[in-house]
Amino acid sequence: MSVPPRERPASGADLRRWRQHLADERAEAAVYRDLAARRGGEEREILLALAEAEDRHAAHWEALLGEDVGRPRRVDLRTRVLAFLARHFGSVFVLALVQRAEARSPYETDADATAAMAADERIHGEVVRGLATRGRNRLSGTFRAAVFGANDGLVSNLSLVLGISASGVSNRTVLLTGVAGLLAGALSMGAGEFVSVRSQRELLEASTPDPQARHAVPHLDVDANELTLVYRARGMGEAEAAAHAAEVLREHRLAAPGEVPGAGTRSAPAADAADVDEHEAVGTGLGAAASSFCFFASGALVPVLPHLLGLRGTSALVAAVVLVGLSLLATGAVVGLLSGGPPLRRGLRQLAIGCSAAAVTYGLGLLFGTSTA
């Protein structure tokens with residue numbers, strides 16, 4: 001990689017900045033190699049190619065520094081955390097963090113970085129986004145149910161506990177109400193998610209081409225060519241559908257003797273049906289139901305914990321609010337990390353929504369508790 005000419009000698013600040021860039025590039029290359037070590041096939045090749053690109057960037061800063069490379073600098077905290085997670089977990093969450101890191105590259109405003117390096121970093125973000133999307137698709141169905149269940153459990157049971165407590169009932173009544181809300185809500189969430197996901201998958205599967213339809217292709221009337229109607233029904237124009245159907249029929253006529261009709265082509269009516277689960281982003285009914293049940297129950301348990309531990313009155317309410325607030329911040333941050341968004345902002349949003357709902361319910365409890373006293 002060529003080094004851009006400089007109009008003035010490098011200052012001490014320049015050297016420190018270049019050393020920091022060098023350390024960061026070396027560390028990012030190591031992150032990609034650690035991620036590659038936990039994967040195989042195409043994903044491994046892509047990650048290793050990204051590591052090589054970071055090595056090229058590191059070589060640029062080495063060339064600028066020359067004899068002033070000095071002792072290796074300590075990388076920033078963000079990159080150290082990424083390196084630790086990549087070595088020990090290698091999950092989609094790490095890829096989401098790497099995606100955000102690539103988006104924050106300083107090279108576009110750094111006069112000593114080349115335009116190619118800035119472009120590389122932007123494209124790296126898109127490459128990582130593509131890799132992370134694969135993991136998000138595998139997670140999204142069950143993860144959606146888990147996040148929704150946990151947040152619903154936290155907010156609904158906190159609201160229930162606060163509302164009942166504000167009405168002036170005994171601690172035992174609050175505890176029983178919280179446990180009943182936990183069980184009722186978890187069972188309802190699990191059943192609702194199962195029915196919802198199963199219905200969605202059945203609807204999607206009803207739109208999937210029948211894999212047996214390709215066996216009828218060799219026997220179609222060439223002149224009538226009903227296959228054209230199939231492709232027109234899928235959205236092709238009349239001329240495009242006729243040309244595509246003719247190509248499919250020609251391929252079948254040229255098939256080797258004994259070859260299963262349609263086995264060697266992806267153009268048959270069932271060509272769209274993949275060998276893998278096409279609807280993995282939706283999740284499975286049982287997986288979504290189990291996630292919703294468990295996570296709703298775990299979320300709904302948090303507001304009840306202070307009462308289970310023997311706290312009463314105001315101290316129990318304050319402890320419940322604090323615990324639920326921390327949990328909402330955590331779940332919001334996790335969603336932010338997975339989606340590539342700002343985790344703090346997502347966490348604060350979750351906190352604001354949960355606290356607003358709980359405050360309204362507490363106010364209603366005070367109102368009705370006072371009016372019925």
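Which helix gives the most to the nonpolar patch? The legends below take up this question together with several others, and they describe a predicted model.

**View 1. The chain as a whole is built from helices, with no strands among its elements.** In this predicted model, the secondary structure comes to eleven helices and zero strands, and reading along the sequence gives the pattern α-α-α-α-α-α-α-α-α-α-α. The chain has 373 residues, of which 38% count as buried.

**View 2. A nonpolar patch on the surface is formed by five leucines, Leu301, Leu305, Leu308, Leu309 and Leu323.** Together these residues have about 440 Å² of accessible area. The helix that gives the most to the nonpolar patch is α9, which covers residues 285-308 and supplies three residues. Leu309, by contrast, has its place in the loop between α9 and α10, the latter helix covering 313-339. With a relative accessibility of 70%, Leu309 counts as exposed, because the cut-off for that class is over 50%.

**View 3. The largest pocket holds about 220 Å³ of space.** Its lining is made of 14 residues, and those closest to the centre of the pocket are Gln99, Glu102, Ala103, Arg104 and Arg122. Two helices, α4 (92-103) and α5 (115-166), each supply at least two residues of this lining, and α5 gives the most to it, with six residues. Sorted by chemical character, the lining of the largest pocket divides into eight charged residues, four polar ones and two nonpolar ones.

**View 4. Asp14 and Arg17 are joined by a salt bridge within helix α1.** The closest N and O atoms of this pair are 2.8 Å apart, and both residues lie in helix α1 (residues 12-37), where three residues, or about one turn of the helix, separate them. The two partners fall into separate accessibility classes: Asp14 counts as buried at 5% relative accessibility, whereas Arg17 counts as partly exposed at 27%. The pair also belongs to a wider arrangement, since Asp14, Arg17, Asp110 and Asp112 are linked in a network of salt bridges.

**View 5. Asp112, a member of the salt-bridge network, is found in the loop between α4 and α5.** Is Asp112 buried or exposed? At 7% relative accessibility Asp112 counts as buried, because the cut-off for that class is under 20%. Asp112 can also be placed relative to His60: the two are 52 residues apart in sequence, while their C-alpha atoms are 9.5 Å apart in space.

**View 6. Arg26 and Glu62 meet through their side chains in a salt bridge, at 3.0 Å from N to O.** This pair links distant parts of the chain, with Arg26 in helix α1 and Glu62 in helix α2 (residues 41-65), 36 residues apart. Arg26 is partly exposed, with a relative accessible area of 37%, and Glu62 is likewise partly exposed, with a relative accessible area of 33%. In the whole model, the count of salt bridges comes to eight.

**View 7. Glu43 forms a salt bridge with Arg39, the closest N and O atoms being 3.0 Å apart.** Both partners of this pair are buried, as Glu43 has a relative accessibility of 13% and Arg39 has a relative accessible area of 18%.

**View 8. Glu45 lies in helix α2 and is exposed.** Its relative accessible area is 57%, and the residue is therefore placed in the exposed class, for which the cut-off is over 50%. Glu45 and Arg33 are twelve residues apart in sequence, and the distance between them in space, taken from C-alpha to C-alpha, is 10.0 Å.

**View 9. Ala146 has its place in helix α5, and its C-alpha atom is 5.0 Å from that of Ser291.** Along the chain these two residues are 145 residues apart. Ala146 counts as buried, with a relative accessibility of 8%. Helix α5, where Ala146 is placed, is also the helix that gives the most to the lining of the largest pocket shown in View 3.

How values were computed. Residues numbered from 1 in each chain as written. Predicted model: local features only at pLDDT ≥ 70, side-chain atom pairs only at ≥ 80, totals over all residues. Heavy atoms only, no water. 1 Å grid on protein atoms, 1.4 Å probe; cavity = no way out; pocket = protein on both sides within 12 Å on 5 of 7 lines; lining within 4 Å. Points joined across faces, edges and corners; volume = space filled by probe spheres on them. Helix = DSSP H or I, 4+ residues; strand = E, 2+ residues; numbered from the N terminus. Nonpolar A, V, L, I, M, F, W, Y, C, P; charged D, E, K, R; others polar. Patch = residues over 30% accessible without salt bridge, like charges linked within 9 Å, V, L, I, M, F, W, Y side chains within 5 Å. Areas by Shrake-Rupley, 256 points an atom, 1.4 Å probe, with all protein chains shown as cover. Salt bridge = Lys/Arg side-chain N within 4 Å of Asp/Glu carboxyl O. Buried < 20%, exposed > 50% of the residue type's maximum accessible area, 1.4 Å probe, protein only.
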